[in-house]
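Student: Please take one part of this model and go through it closely, from the pairing of its strands to what packs around them. Give the cut-offs behind each term as you go.

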Amino acid sequence: MNRTEKAEQVAVIRDRFDRMVNAIVTDFKGLDVEAMTELRRKFREANIEYKVVKNTMVKLAVSEEPYAEELAGHLKEMTAIAWSFEDPSASAKVIREFVKDNDKLKVKCGVMDGQVSSAKDWADLPSHADLMAMITGQLVSAAQSLIGQMVGPAQELVSQIDGWKEKLEKEQQGATE
């Protein structure tokens, strides 16, 4: 690979890091061609770019980033990166599902919001649907609590009015007898 090709490769990697919502750096050592093809297909279906990269090219591409040094510590041996440009949890979900059947794929680290996170942090990242369900549950709970607080005094008032009504009815029955 000549200098021009290397510069182009670095520019492509830099562009991916500039556009991403997150990136997950993986070690694919031990994966056979069939497994790697399946993994790439799953990433493609989730609209995630997954590329085998040269560690030195990635180091050059992110050299101006504040996380460059920390990321460089994870760029050893075989490296492939999954760049997600839309849903930050999509790549973690694909990896989590893939590893159930093939434990040879290892997560080295992840990059999101200008910070490098350990593999452990990415393992438990909830999916977009799970996050939406959690948020919806919290909103419903808050709404139910608010309704309970608003209805409570009204129910108490109705109960008092019913009590007065019964008292008046008993007094009227006693007066007519």
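Tutor: Two strands are taken as paired if DSSP finds at least two bridges between them. Strands (E, at least two residues) and helices (H or I, at least four) are DSSP runs, numbered from the N terminus. The model is predicted, so local features need pLDDT of at least 70 and side-chain atom pairs pLDDT 80 or more, while totals for chains, interfaces and linings use all residues. Residue numbers start from 1 along each chain as its sequence is written, and side-chain values use heavy atoms, with hydrogens and water left out.

The part to look at is strand β1, residues 22–27. On that footing, β1 pairs with β3 in the antiparallel sense over 5 bridges. Within this pairing, V25 of β1 stands opposite I81 in β3. β1 also pairs with β4, again in the antiparallel sense and over 5 bridges. Here A23 has V111 of β4 as its bridge partner.

These pairings belong to an open sheet of 5 strands, ordered β2-β3-β1-β4-β5, with antiparallel pairing. Its edges are β2 (48–53) and β5 (115–118), each of which pairs on one side only. Neighbouring strands of the sheet are turned against each other by 20 degrees on average, direction ignored (axes are lines fitted to C-alpha atoms, for helices over the stretch in contact, and angles between N-to-C directions run from 0 to 180 degrees). At the β2 edge, the antiparallel pairing of β2 with β3 (residues 79–84) extends over 6 bridges, and I48 is found opposite S84 of β3.

How many residues of β1 are buried? The count is 6 of 6, and the strand is described as mostly covered (buried is under 20% relative accessible area, exposed over 50%, partly exposed in between, with a 1.4 Å probe and protein chains only). N22, I24 and T26 point one way from β1, A23, V25 and D27 point the other way, and all of them are buried. For the protein as a whole, with its 177 residues, the buried share is 29%.

Now the packing around the strand. The largest nonpolar core has 21 residues, and F17, L71 and W83 have the most contacts inside it (such a core is a set of buried Ala, Val, Leu, Ile, Met, Phe, Trp, Tyr and Cys residues joined through side-chain atoms within 4.5 Å). β1 supplies at least two residues to this core, as do α1 (3–19), α3 (55–61), α4 (68–72), β3 and β4. F17 touches A23 of the strand, along with V58, V62, Y67, L71, I81, W83 and V111, when residues up to four places away in sequence are not counted (contact is heavy atoms within 4.5 Å). A23 and V111, both touched by F17, are the bridge partners named above. A second, separate core holds 17 residues, among them F28, L31, M36 and A80.

A helix also covers part of the sheet. α5, residues 90–101, lies across β1, β2, β3 and β4 (106–112), and runs at about 25 degrees to β1. Its axis comes within 10 Å of that of α2 (residues 33–45), and the two cross at roughly 145 degrees. From α2, A35, E38, L39, K42 and F43 meet S91, V94, I95 and F98 of α5. K42 and V94 are 52 residues apart along the chain, yet their C-alpha atoms are separated by 6.7 Å. K42 has 23% relative accessibility and therefore counts as partly exposed.

After α5, the loop leading to β4 contains N102. Is N102 buried or exposed? It counts as buried because its relative accessibility is 17%. Beyond its neighbours within four places in sequence, N102 is in contact with L31 and A35. L31 is one of the residues of the second core, and A35 is one of those through which α2 meets α5.

Two other loops adjoin strands of the sheet. E77, between α4 and β3, has a positive phi of about 55 degrees although it is not a glycine; its relative accessibility is 55%, so it counts as exposed. D113, between β4 and β5, is also a residue other than glycine with a positive phi, near 55 degrees. D113 is exposed, with a relative accessible area of 68%.

As for the wider setting, the protein has 7 helices and 5 strands. Of its contacts with a separation of 6 or more, 81% are between residues 24 or more positions apart.
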